[in-house]
Every structure is written in C-alpha cells, then in structure tokens.
Amino acid sequence: MSAFVDTNILIRHLTGDPAEMAARAAAYLAADSDLLLTDLVVAETVYVLESFCEATRHQTAEAIRSLLAFDSVVCVDPALLLRAVEVYETDSLDFAEAYLVACAESTGVNRVASFDTTIDRVGTVERVEPPRP
C-alpha cells in the first residue's frame, strides 16, 4: 500500500471543487497505485455527497462505484462495499444500515439487531429488536 486515501481527496475528485484541488486529486488517483480505501471513508464520502453536495441517492451510488473501479484503489472487501451500495440505492436505506445488511449477508449471520424498520425492506436479512420487558 502506498497510502490510505482520505475523504477530502475523493470529494475534490468527484465534485471538481475547488478546481485546483480537484485536478490534483484526480491526477493523484490516476497516477498513484495501491491507495487503500477504508469502509469508514466510503461511509463518510456518502455522507458528504448527500449532505453537503446534495447529490441524489443514485448519483451518490454511481460515485462510490466509480471510486471502487479505480485501478489504483484497493479495499479490503470490494464485493461487500458494492453490495452495501446496491442496498443503499435500491432499498433506500441509510448507508450505515445498508452496510450492516451487506455484512449480515456476507457472514451468513443474516440478522441485524436494530430499531430501524427500514431494514425490513430487504428480504435477505431478518431485523431483530431487543425484547420488551
């Protein structure tokens, strides 16, 4: 690995703003190799795109897919992140819940303990709640 890549590099590249930093970020992503993209940075990138850049869910999902497709970018489990993006986009879950669903599926646990009923939209996992007293 040559370096861990931070959210601000990715956001500059994706948004083109400010132009000078965006150009530097794009050149770096294209030229360097083995940049480690962590799951946490992906989640933060989704948050920034949604909150500050006002990107749609579809635009955000496409942006994350484009980052994962970079030859220079390496992540621990790209299939897990792609599945999380898919659930985020198609089932309209927040990214954190979509990531939990993808984790539950990939590990075979297939259960997520949560009060968030949006998880019920995904038929591949069971949402469980702590029991009432």
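Helix axes are lines fitted to C-alpha atoms over the stretch in contact, and the angle between two of them runs from 0 to 180 degrees between N-to-C directions. This definition is needed for the helix pair described below. The structure is a predicted model, in which local features need pLDDT of at least 70 and side-chain atom pairs count only at pLDDT 80 or more, while totals for chains, interfaces and linings use all residues. Residues are numbered from 1 along each chain as its sequence is written, and side-chain values use heavy atoms, with hydrogens and water left out.

**Overall layout**

The protein chain has six helices and five strands. Helices (H or I, at least four residues) and strands (E, at least two) are DSSP runs, numbered from the N terminus. Along the sequence their order is β-α-α-β-α-α-β-α-α-β-β. Taken along the principal axes, the C-alpha atoms fill a box of roughly 55 × 30 × 25 Å. Of the 133 residues in the chain, 36% are buried. Buried means under 20% relative accessible area, exposed over 50%, and partly exposed in between, with a 1.4 Å probe and protein chains only. Contact means heavy atoms within 4.5 Å. Among contacts with a separation of 6 or more, 50% join residues 24 or more positions apart.

**The helix pair α3 and α5**

Helices α3 and α5 pack at an angle of about 25 degrees, and their axes are 11 Å apart. The two helices are therefore roughly parallel to each other, a label for angles under 35 degrees. On the α3 side, Asp 39, Val 42, Val 46 and Glu 50 meet Leu 80, Leu 81 and Tyr 88 of α5. The residues of this contact divide into five nonpolar, no polar and two charged. Here Ala, Val, Leu, Ile, Met, Phe, Trp, Tyr, Cys and Pro count as nonpolar, Asp, Glu, Lys and Arg as charged, and the others, Gly among them, as polar.

**The nonpolar cores**

A nonpolar core is a set of buried Ala, Val, Leu, Ile, Met, Phe, Trp, Tyr and Cys residues joined through side-chain atoms within 4.5 Å. The largest one has 30 residues, and Leu 10, Leu 37, Ile 64, Leu 93, Phe 95 and Val 101 have the most contacts inside it. Helices α3 (39-51), α4 (57-69), α5 (78-90) and α6 (95-107) each supply at least two residues of this core. The largest share, six residues, comes from α5. Apart from this core lies another of five residues, among them Ile 11, Val 48, Leu 49 and Ala 63.

Leu 10 lies in helix α1 (residues 7-15). Leaving aside neighbours within four places in sequence, Leu 10 is in contact with Val 5, Leu 29, Leu 37, Val 41, Thr 45 and Leu 67. On the same terms, Leu 37 is in contact with Val 5, Leu 10, Val 42, Leu 68, Val 73, Val 74 and Cys 75.

**Three residues and their accessibility**

| Residue | Place | Relative accessible area | Class |
|---|---|---|---|
| Leu 10 | α1 (residues 7-15) | 2% | buried |
| Ser 114 | loop between β4 (111-113) and β5 (126-128) | 14% | buried |
| Pro 130 | segment after β5 | 47% | partly exposed |

Not counting residues up to four places away in sequence, Ser 114 touches Ile 119, Arg 127, Val 128 and Glu 129. Pro 130 and Ala 113 are 17 residues apart along the chain, and their C-alpha atoms are separated by 7.4 Å.

Methods
Angles under 35 degrees count as roughly parallel, over 145 as roughly antiparallel, 65 to 115 as roughly perpendicular and the rest as oblique.
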